[in-house]
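Grab a coffee and open the viewer. Below are some exercises, each with a solution worked out step by step.

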Amino acid sequence: MKTREQSIFDEMFKRSLALGYQTYDYKPASSASYPFVEFEDTQTLHSTTKSHVLGNVVIVISVWGLHTKRKQVSEMASALFEQAMQVNTSDVYSWVLDTNASDIQTVTDTSTNTPLKRAIIELNFRLIGGI
């Protein structure tokens, strides 16, 4: 059985692919074409009750694109956020996206020879049921 973190990660990864995006769970080779989606970090925050361990899983996703394609980067980030809001279950877990604790930040990245736009999406999923 998958951990809660792996389950929600896989669900969002699958949704990114279904949107038709080049999607990676690692930094792709420099030859990769823009735009692409990179699944970066996750964090699991535990909250216990008398009989269950619930809590939150935070996923950080970046959308990378050319600086001249800001609109495209923004639209991709928004589409991923919309998909996150539609997640109800993954495997045996039940989720709700905490929209007040989730955000999208768009920044200029000059770490390469080509100026880029990067949308950093932080999704905070609250576990509301499951094993």
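A residue counts as buried here when its relative accessible area is under 20%, and as exposed when that figure is over 50%. Keep in mind that this is a predicted model.

**Exercise 1. Work out how covered strand S7 is, and what leucine 123 adds to that picture.**

Solution.
- Start with the whole strand: 11 of the 14 residues of S7 are buried, so the strand is mostly covered by the cut-off of under 20%.
- Now pick one residue: leucine 123 sits in S7.
- Its relative accessibility is 0%, so leucine 123 counts as buried.
- What packs around leucine 123? Setting aside neighbours within four places in sequence, its contacts are Met12, Val57, Val58, Ile59, Ile61, Phe81, Ala84, Leu97 and Ser102.
- Take alanine 84 from that list: its C-alpha atom is 7.4 Å from that of leucine 123, although the two are 39 residues apart along the chain.

**Exercise 2. Find the strands that pair with S7, and give one residue pair for each.**

Solution.
- Go to S6 (residues 103–109): seven bridges tie it to S7 (residues 116–129), and the two run antiparallel.
- Two pairs you can check are aspartate 103 with glutamate 122 and valine 107 with arginine 118.
- S6 and S7 make a hairpin, with six residues between them.
- Next comes S3, which is joined to S7 by 12 bridges, again antiparallel. Here serine 62 has isoleucine 120 of S7 as its bridge partner.
- Then there is S5, antiparallel to S7 over four bridges. Look for valine 96 opposite arginine 126.

**Exercise 3. Trace the pairing of S2, and say which partner is parallel and which is antiparallel.**

Solution.
- Begin with S1: two bridges connect it to S2, and these strands run parallel.
- One pair to look up is tyrosine 24 with glutamate 38 in S2.
- Move on to S3 (residues 53–66), which pairs with S2 in the antiparallel sense over 11 bridges.
- In that pairing, glutamine 43 has valine 58 of S3 as its bridge partner.
- S2 and S3 also form a hairpin, this time with four residues between them.
- Put the steps together: S1 is the parallel partner of S2, while S3 is an antiparallel one.

**Exercise 4. Look at the backbone of two loops and say what is unusual at proline 35 and aspartate 91.**

Solution.
- A yardstick helps: most residues other than glycine have a negative phi, and most peptide bonds are trans.
- Proline 35 belongs to the loop between S1 (23–24) and S2 (36–48).
- The peptide bond between tyrosine 34 and proline 35 is cis, with omega about 0 degrees.
- Aspartate 91 is in the loop between S4 (89–90) and S5 (93–97).
- Its phi is positive, about 55 degrees, even though aspartate 91 is not a glycine.
- Is aspartate 91 buried or exposed? Its relative accessibility is 53%, so it counts as exposed.

**Exercise 5. Describe the protein as a whole, from its element order to its surface and charges.**

Solution.
- Count the elements: there are two helices and seven strands.
- Walk along the sequence and the order reads α-β-β-β-α-β-β-β-β.
- Check the packing: the radius of gyration is 15 Å, close to the 14 Å that the globule rule gives for 131 residues, so the protein is as compact as a globular protein of that length.
- For its extent, the C-alpha trace spans about 55 × 30 × 25 Å along the principal axes.
- How much of the protein is buried? Of its 131 residues, 42% are.
- Then see how the chain meets itself: among contacts with a separation of 6 or more, 62% are between residues 24 or more positions apart.
- On the outside, the protein exposes about 7,200 Å², and carbon and sulfur atoms supply 48% of that.
- Finish with charge: there are 12 positive and 14 negative side chains, and the centres of the two sets are 3 Å apart.

Conventions. Residues numbered from 1 in each chain as written. Predicted model: local features only at pLDDT ≥ 70, side-chain atom pairs only at ≥ 80, totals over all residues. Heavy atoms only, no water. Rg over C-alpha atoms; globule rule 2.2 N^0.38 Å. Buried < 20%, exposed > 50% of the residue type's maximum accessible area, 1.4 Å probe, protein only. Contact = heavy atoms within 4.5 Å. Areas by Shrake-Rupley, 256 points an atom, 1.4 Å probe, with all protein chains shown as cover. Lys, Arg positive; Asp, Glu negative; His and termini not counted. Charge placed at Lys NZ, Arg CZ, Asp CG, Glu CD. Pairing = 2+ DSSP bridges.
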